[in-house]
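Thanks for coming, everyone. I'll keep this short. Please look at the screen.

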Amino acid sequence: MLHQIITTNGKLLGITDSVNYIKIAENGSFVPAEMEEAIGVAYQSIAYNLAGHGDISDAETVTVSDIDAGTMLYNMSQIIMDNSEILLNMQYENDMKTEGGNL
């Protein structure tokens with residue numbers, strides 16, 4: 001299972017296979033936490049508040065949701081195929097203009 005990390009304004013920060021949940025230790029540093037006790041997540045060495053928490057000052061708030069890797073890969077392959085077809089059509093039209101319709 002993969003997890004996507006999304007800001008509250010809908011920006012996808014990234015996709016990861018493991019979420020680094022964090023909390024604030026007594027000494028004020030961030031330490032790993034179980035999901036149930038977490039106040040935030042660390043992604044690419046940046047701390048983010050989890051939705052419903054605001055303990056990490058000046059940090060964006062994010063949500064973490066599970067995604068199915070197979071479905072995601074299928075959707076990406078469809079986008080690639082669609083774009084490939086568009087590019088081939090554009091190349092054909094350009095070739096027709098360049099050659100005056102005589103290929």
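Start with Lys23 and Glu37. They form a salt bridge, with the closest N and O atoms 3.2 Å apart. This is a predicted model, so treat every distance today as computed. Where do the two partners sit? Lys23 is in strand E3, residues 20-24. Glu37 is in the loop between strand E4 (30-32) and strand E5 (40-43). So the pair ties together parts that are 14 residues apart in sequence. Lys23 is partly exposed, at 28% relative accessibility. Glu37 is partly exposed too, at 40%. How many salt bridges does a search of the whole structure find? It finds 1.

Now the overall layout. The protein has 1 helix and 7 strands. From the N terminus, the order is β-β-β-β-β-β-β-α. The radius of gyration is 22 Å, while the globule rule gives 13 Å for 103 residues. That is well over the rule, so the protein is more spread out than a compact globule. The C-alpha atoms fill a box of roughly 75 × 30 × 20 Å along the principal axes.

A few totals. Of the 103 residues, 23% count as buried. The accessible surface comes to about 7400 Å². Carbon and sulfur atoms hold 52% of that surface. Next, take the contacts between residues at least 6 apart in sequence. Of these, 32% join residues at least 24 apart.

Let's go to strand E2, residues 12-16. Two residues there are worth a stop.

Leu13 lies in E2. Set aside residues up to four places away in sequence. Leu13 then touches Ile5, Thr7, Tyr43, Tyr48 and Val62. Take Tyr43 from that list. Leu13 and Tyr43 are 30 residues apart in sequence. In space, their C-alpha atoms are 8.5 Å apart.

Thr16 is also in E2. Is Thr16 buried or exposed? Thr16 is buried, with a relative accessible area of 14%. The cut-off for buried is under 20%, so Thr16 falls inside it. A polar atom of the Thr16 side chain lies 2.9 Å from the backbone oxygen of Ser18. Beyond four places in sequence, Thr16 touches Leu2, His3, Ile5 and Tyr43. Ile5 and Tyr43 are on the contact lists of both Leu13 and Thr16.

Next, Asn49. This residue sits in strand E6, residues 46-50. Asn49 is buried, with a relative accessible area of 2%. What does its side chain reach at 3.3 Å? That is the backbone nitrogen of Asp55. A polar atom of the Asn49 side chain also lies 2.9 Å from the backbone nitrogen of Ile56. So here we have a polar side chain that is buried, with polar contacts to backbone nitrogens at Asp55 and at Ile56.

Who else is around Asn49? Leave out neighbours within four places in sequence. Among the contacts are Ile39 and Gly40, and also Gly54, Asp55 and Ile56. The list goes on with Ala59, Glu60, Thr61 and Val62. Val62 came up before, as a contact of Leu13.

Two backbone notes. Most residues other than glycine have a negative phi. Two loop residues here have a positive one.

One is Ser45. Its phi is about 65°, and Ser45 is not a glycine. Ser45 lies in the loop between E5 and E6. Ser45 counts as exposed, at 81% relative accessibility.

The other is Asp58. Its phi is near 60°, again positive in a residue other than glycine. Asp58 lies in the loop between E6 and strand E7, residues 61-67. Asp58 is exposed as well, at 83% relative accessibility.

Last stop, the helix. H1 covers residues 69-98. Ile86 is found in it. Is Ile86 buried, or partly exposed? Ile86 is partly exposed, with a relative accessible area of 46%. Which residues make the nonpolar surface patch with Ile86? They are Leu87 and Met90. The patch is about 320 Å².

To recap. The salt bridge joins Lys23 and Glu37. Asn49 is buried in E6 and reaches the backbone at Asp55. Ser45 and Asp58 have positive phi values. The nonpolar patch includes Ile86. That's my tour, thank you.

How values were computed
Residues numbered from 1 in each chain as written. Predicted model: local features only at pLDDT ≥ 70, side-chain atom pairs only at ≥ 80, totals over all residues. Heavy atoms only, no water. Patch = residues over 30% accessible without salt bridge, like charges linked within 9 Å, V, L, I, M, F, W, Y side chains within 5 Å. Areas by Shrake-Rupley, 256 points an atom, 1.4 Å probe, with all protein chains shown as cover. Salt bridge = Lys/Arg side-chain N within 4 Å of Asp/Glu carboxyl O. Helix = DSSP H or I, 4+ residues; strand = E, 2+ residues; numbered from the N terminus. Buried < 20%, exposed > 50% of the residue type's maximum accessible area, 1.4 Å probe, protein only. Polar contact = N/O pair within 3.5 Å; in protein donor to acceptor, adjacent residues only side chain to side chain. Contact = heavy atoms within 4.5 Å. Rg over C-alpha atoms; globule rule 2.2 N^0.38 Å.
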